[in-house]
Amino acid sequence: MPTLQFPAGRRHDLACLGRLAVDLYAQQVGCRLEDATSFAKYLGGSSANLAFGVARLGLRSAMISRVGNEHMGRFLVETLQQEGCDTSQVQVDPERLTGLVLLGLKDRDTFPLLFYRENCADMALDAALIDERFIADCRALAITGTHLSTPGTRQAATRALQYAGRHGVVRVLDIDFRPVLWGLTRRGEGERRYVPDAGVTRQLQALLGEFELIVGTEEEFLIAGGEPTDLLASLRAVRAASAATLVVKRGALGCCVIEGEVPADLGDAPTYAGERVEVLNVLGAGDAFLSGLLSGLLQGRDFAASARIANACGAIVVSRHGCAPAMPTQAELAHWFSGQRSPRVDADAQLAHLHRVAVPRRRWDELCVMAFDHRAQFFELAREAGAPEARIPALKLLLVQAVEQVEQAHGLRGRIGVLIDGAYGEAALHRATSRGWWVGRPVELPGSRPLRFDGGDSVATQLLHWPAEQVVKCLVHYHPDDPALLRLEQESQLRQLWQATRASGHELLLEVIPPRRAGVSQDEAVLRAVTRLYNLGLKPEWWKLAPMSDAGWQALQALVRQRDPHCRGAVILGLNQPLAELVRGFSQAGSDIVRGFMVGRTLWSEPSRRWLRGELDDSALVQAVAGNFGELVQAWLSRATPVRQAA
């Protein structure tokens, strides 16, 4: 058992005080930061990464920091909250901006950083707002050395340490030495990890005695101990100032733990070997290591078991782009230690899949979706009505209003959605996005068989410009008994789409409609098609399928549970059937795999035709469509169903 004694019965396992900023990572790997052309936005800052990583591993973390009263500050707070981290102690600065960091990936040894932290919000953490009662309800408090570098943040950190000491909270120091943030280098040298400085050593040593656990790299212990070239001498100097357990991070070599006297040779200290992996990005590896270490210790594991978790977390993160979003989940660690992982982390498809599906996601236990992503059908409606094509975008905006009415009338917040195209429906898409709805968007070229993508062959290029919340919907007329060349061409297109969504982070909905074949039931064709696509390695978040018999849905449920238990589920498509037929289909969808419906023309086709002819005004159109949609919603909600499990 660990020698550290964490108090029990507290509300939070770990509170993290320190840096909370936005990381902007260059998406081009192998070039100078000067030559990067695009950046990915992530949560960053060592303390924030720790709070995020510990929460991802199932512990109750909290963040103590400060953000600006602007978009980036809200992004950071929302990102932590989504992961399950308490943000009640994140102060909001009315004047300062949230800190930013630009990061590059030049090669395995070169990772340029540029800190935009002049008078930023987290370095203005207000000591007067540190809440003793909150800290008293934590089992551990982690502080970074960066927040000891200025008088204001040092005062806040010192006050938090005093409160923690009064209430038996285990205090952890992540030395987190960034010379540029101590003013020891030029501002453009953020990647430099070690510059000896007696002043920094004095400031660190003045507080080392306040901690029960101190964690750092070899270079960080050199600065803490004050012996620029002698690690053992520096460790002895740290030991003279503190009785804390010392954990020395040694990169690929793993780590060593010193609980008593510093040995004559570092190799004599308990040492836990690291994992051998291909390195993409060392940035954030230390934060991942500490997340794993503390999660293990706080769950009662000893240092050997906790270090094993810590080393695995660090190894996984160095193989990925970004810091916080690269942090592993419990499911990933279970796979990592299962003996079934690939030696190359970036080639482990199951690990990559778990990293997508095992993280906290928006819950969609039930979905009532109106689909009006149709393009050819709206064009034909306008042509038949003698109306100009230019009226279709306005029509789709009115359909959004109908969905709004149904959401309010039936209390469907968190259960309603839309499928809208980006051609006629661009304005409607903008209105539907960022309001808590499920939003899907098509990529297929209407009517194409073999499958073609709307807007060009490079679907990955299209997804660069889509909001992350929009789900990629693809309709494919696919049958496992199609001629071989047709089937292989369609499968090639689907694999391209699959890879594009894995790279972009968008969820994927596959709408599979098998052409009818003599002697093959539609249920059988659908199940064989889904099986074939799973065999190809595709694991879409959603399936959109025509109504099946109860036996068909039960068979689909068994198949999905076997092949991808993290699948969100299936939804029923409409195929322009009358409302009464759709309602009858609902009655057979008793399987837990069925999450709802996505229906289109049945709801809006006739009212839209009349509106285009001038027989209905805007209000009448909205009322008619909302009436149809509401009737279908009520039929879905009132059907007898088993208790549903979260996706």
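This passage walks through some parallel strands, one helix face and several salt bridges in a predicted model.

Strand 19, residues 542–545, is a handy place to start. Its side chains split between two directions: Trp542 and Lys544 point one way, Trp543 and Leu545 point the other way, and all of them are buried. That fits the usual picture, since in a regular strand side chains alternate between the two faces of the sheet. On one side, strand 19 pairs with strand 18 (residues 508–512) in the parallel sense, over three bridges. Within this pairing, Trp542 of strand 19 is the bridge partner of Leu509. To get from strand 18 to strand 19, the chain passes through helix 17 (residues 522–535), and the resulting β-α-β crossover is right-handed.

Strand 19 also has strand 20 (residues 569–573) as a parallel partner, this time over four bridges. Here Leu545 stands opposite Ile572 of strand 20. The connection runs by way of helix 18 (residues 550–563), and strand 19, helix 18 and strand 20 make up a right-handed β-α-β unit.

Strand 16, residues 438–442, can be read along similar lines. Five of its five residues are buried, so this strand is largely enclosed by the rest of the structure. Trp438, Gly440 and Pro442 point one way, while Val439 and Arg441 point the other way. Arg441 is thus listed among buried residues, along with the others in the strand. Strand 15 (residues 416–420) runs parallel to strand 16 and is joined to it by three bridges. Gly417 has Trp438 of strand 16 as its bridge partner. The route from strand 15 to strand 16 goes through helix 14, again as a right-handed β-α-β crossover. Three bridges also join strand 16 to strand 17 (residues 471–476), and these two strands run parallel as well. In that pairing, Pro442 stands opposite Lys473 of strand 17.

Helix 12 (residues 376–385) gives a view of how a helix sits against its surroundings. Phe378, Leu381, Ala382 and Ala385 are buried in this helix. Looking down the axis of helix 12, the buried residues fall within an arc of 95°, so they line one face of the helix. The spacing makes sense, because an α-helix has 3.6 residues a turn and residues three or four places apart point the same way. Among the elements covering the buried residues of helix 12 are strand 14 (367–372), helix 13 and helix 20 (601–613). Just after helix 12 comes Gly386, with a positive phi near 70°.

Turning to charged side chains, a search of the whole structure turns up 45 salt bridges. Side chains of opposite charge can pair when their charged atoms come close. One of the salt bridges is between Asp365 and Arg363, at 2.6 Å from N to O. Both partners have some access to the outside: Asp365 is partly exposed at 25% relative accessibility, and Arg363 is partly exposed at 48%.

Another salt bridge brings Glu404 together with Arg431, with the closest N and O atoms 3.1 Å apart. Glu404 belongs to helix 13 (residues 392–410) and Arg431 to helix 14 (residues 426–432), so the pair ties together parts that are 27 residues apart in sequence. Glu404 counts as buried at 13% relative accessibility, whereas Arg431 is partly exposed at 36%.

A further pair, Arg532 and Glu491, forms a salt bridge whose closest N and O atoms are 2.8 Å apart. This one links distant parts of the chain, with Arg532 in helix 17 and Glu491 in helix 16 (residues 484–504), 41 residues apart. Arg532 is partly exposed at 26% relative accessibility, while Glu491 is buried with a relative accessible area of 1%. Beyond these pairs, salt bridges that share partners join Asp373, Arg375, Glu444, Asp454, Lys473, Glu511 and Lys544 into one network. Two members of the network have come up already: Lys473 stands opposite Pro442, and Lys544 is among the buried residues of strand 19.

Last comes a single histidine. His353 sits in helix 11 (residues 349–357) and is buried, with a relative accessible area of 7%. Apart from neighbours within four places in sequence, His353 is in contact with Lys539 and Asp564.

Key. Residues numbered from 1 in each chain as written. Predicted model: local features only at pLDDT ≥ 70, side-chain atom pairs only at ≥ 80, totals over all residues. Heavy atoms only, no water. Buried < 20%, exposed > 50% of the residue type's maximum accessible area, 1.4 Å probe, protein only. Pairing = 2+ DSSP bridges. Right-handed = clockwise from strand over helix to strand, strands pointing away. Salt bridge = Lys/Arg side-chain N within 4 Å of Asp/Glu carboxyl O. Arc of directions from axis to C-beta. Contact = heavy atoms within 4.5 Å.
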